[in-house]
Amino acid sequence: MKKTILTIYLILTTLILSSCSKKLNKYEGSFLFLFDTVTQIVGYAESEEAFREFTDFIHDELETYHRLYDKYNSYEGINNIKTINDKAGKEPIKVDQKIIELLKFSIDAYEQTGGAINISMGSVLEIWHDYREQGIDDPLNSTLPPMELLEEANAHTNFDSLIIDEANSTVFIQDSNMRLDVGAIAKGYATEQVVKSAIEKGYTDFLLSVGGNVRTVGGKGKDKAPWNVGIQNPDVTSSQYSLYTLALIDLSLVSSGNYERYYTVEGKTYHHIIDPNTLMPSEYFTSVSVICEDSGLADVLSTALFNMPYEEGLELIESLDGTEALWVFSDASMKYSEGFEDLIKK
Ligand code: ADP
Ligand code: MG
């Protein structure tokens, strides 16, 4: 499909600002399909045309990452995560440096979080994915994956089997039963890389949200005011949509929650973040949000904190400079890290 069909722009002017030399308008744009979600961009430009140029740039960059990090679809002339998985136990695959960087970042994430986030858990996550999809299609006959099956898959989640040959730019999964799943990291990591190249190109003062993975750059308007970003209430039945509104400059906000993707078995819901220790959906919280500059790190940490007890997560967050978090427990009570309150909009 051509990009013009795939890309749906909703451009609206909401505000006109004047500065000494040039007049800047505020614009919003959005497009669908990349990372299976909605991307939204808010920024300032001299004209709709100039803003369009900016959103085209963001779109094209994001699309490149989307294709490389896709584990479900193949694209002509591109070796991506799906190709690597398809060739597990068979042969090394030549890949773009952007894949090697993501994999290295993911291995660091595994180590930094004590294994709470593990991209080599693809075989376990695939089983949950299949049972979830079946349960959504046919709710009356939904079932849980047998623990035996999960444990069998879990025997094939060892990073030692992932061979990254940087000199030859190849990746090889030695274990034919191991699969990669970069779903917990790729969106945030790609967002961060795209933002970095936009900054390099000279773009400034914008907000990029890839399916709720929010990255702010600079501030709003003439006086560079902070961007106001809400933290979604995990209780989707509540009339209160946001728990807090944060005021962010050069920061990312990423949340992981049990309300995003789930299915129901005998009246109980099972969501999509799997605790590597129990191989079951993690039950510590209904949502965890992380705020820090790097949107890749925020994506890693929100998923990882979701998988660990509050005390352990707090210790991890407090050990990292410039990183804050909000934990929401199933009884709707909340706890947050030391500097979180300073980020709440006054
Ligand atoms: P989302 O992408 O839905 O906003 P997350 O960033 O928390 O939320 O990522 C969830 C996805 O990460 C799951 O759909 C699955 O593909 C993957 N995943 C689930 N549990 C783990 C885990 N323990 N380690 C690594 N990846 C995981
Ligand atoms: Mg994540």
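Begin by selecting ligand 1 in this predicted model. Domain 1 (2-68 + 184-343) and domain 2 (81-173) both contribute residues to the shell around ligand 1, so the ligand lies between them. Colouring the two domains separately will display this arrangement.

**The shell of ligand 1**

Next, display the residues around ligand 1. There are 19 of them, and those that come nearest are Asn118, Ser256, His272, Ile274 and Thr303. Sorted by class, the shell consists of eight nonpolar, six polar and five charged residues.

Three polar contacts can then be inspected in turn. Select His272: an N or O atom of the His272 side chain lies 2.9 Å from an oxygen atom of ligand 1. Move to Ala184, where a polar backbone atom is 3.2 Å from an oxygen atom of the ligand. Then select Lys187, which places a polar side-chain atom 3.3 Å from an oxygen atom of ligand 1. On its own, ligand 1 has 570 Å² of accessible area, and the protein covers 95% of that area.

**The magnesium ion**

Select ligand 2, the magnesium ion. Which residues coordinate the magnesium ion? The donors are Ala184 (O), Asp299 (O), Asp299 (OD) and Thr303 (OG1), at 2.0 to 2.4 Å. Ala184 thus appears at this site as well as in a contact with ligand 1. Along the sequence, the donor residues follow the spacing A-x114-D-x3-T.

Now show helix 8 (residues 295-306) as a ribbon. Asp299 and Thr303 are four residues apart in this helix, so about one helical turn separates them. Are these two residues buried or exposed? Both Asp299 and Thr303 are buried.

**Strand 3**

Proceed to Thr39, which is in strand 3 (residues 39-45). Thr39 has a relative accessible area of 0% and therefore counts as buried. Add Leu208 to the selection: 169 residues separate Thr39 and Leu208 in sequence, yet their C-alpha atoms are 7.3 Å apart in space.

**Two loop residues with positive phi**

Most residues other than glycine have a negative phi. Two residues to select with this in mind are Lys224 and Leu279.

Lys224 sits in the loop between strand 8 (213-217) and strand 9 (227-232). Its phi is positive, about 50 degrees, although Lys224 is not a glycine. The relative accessibility of Lys224 is 42%, so this residue counts as partly exposed.

Leu279 belongs to the loop between strand 13 (268-271) and strand 14 (287-292). Here phi is also positive, about 60 degrees, and Leu279 is likewise not a glycine. With a relative accessible area of 3%, Leu279 is buried, whereas Lys224 is partly exposed.

Definitions and conventions
Residues are numbered from 1 along each chain as its sequence is written. Chains are lettered from A and ligands numbered from 1 in the order in which they are written. This is a predicted model: local features need pLDDT of at least 70, side-chain atom pairs count only at pLDDT 80 or more; totals for chains, interfaces and linings use all residues. Side-chain values use heavy atoms; hydrogens and water are left out. A residue is near a molecule or strand if one of its heavy atoms lies within 4 Å of it. A polar contact is a pair of N or O atoms within 3.5 Å; within protein, one must be able to donate a hydrogen and the other to accept it, and residues adjacent in sequence count only if both atoms are side-chain atoms. Accessible areas come from the Shrake-Rupley method with a 1.4 Å probe; for residues, only the protein chains shown count as cover. Ala, Val, Leu, Ile, Met, Phe, Trp, Tyr, Cys and Pro count as nonpolar, Asp, Glu, Lys and Arg as charged, and the others, Gly among them, as polar. Domain bounds come from an automatic or database domain assignment. Donors are N, O and S atoms within 2.8 Å of the metal (3.2 Å for Na, K and Ca); water is not among the atoms, so sites may look incomplete. Helices (H or I, at least four residues) and strands (E, at least two) are DSSP runs, numbered from the N terminus. Buried means under 20% relative accessible area, exposed over 50%, partly exposed in between (1.4 Å probe, protein chains only).
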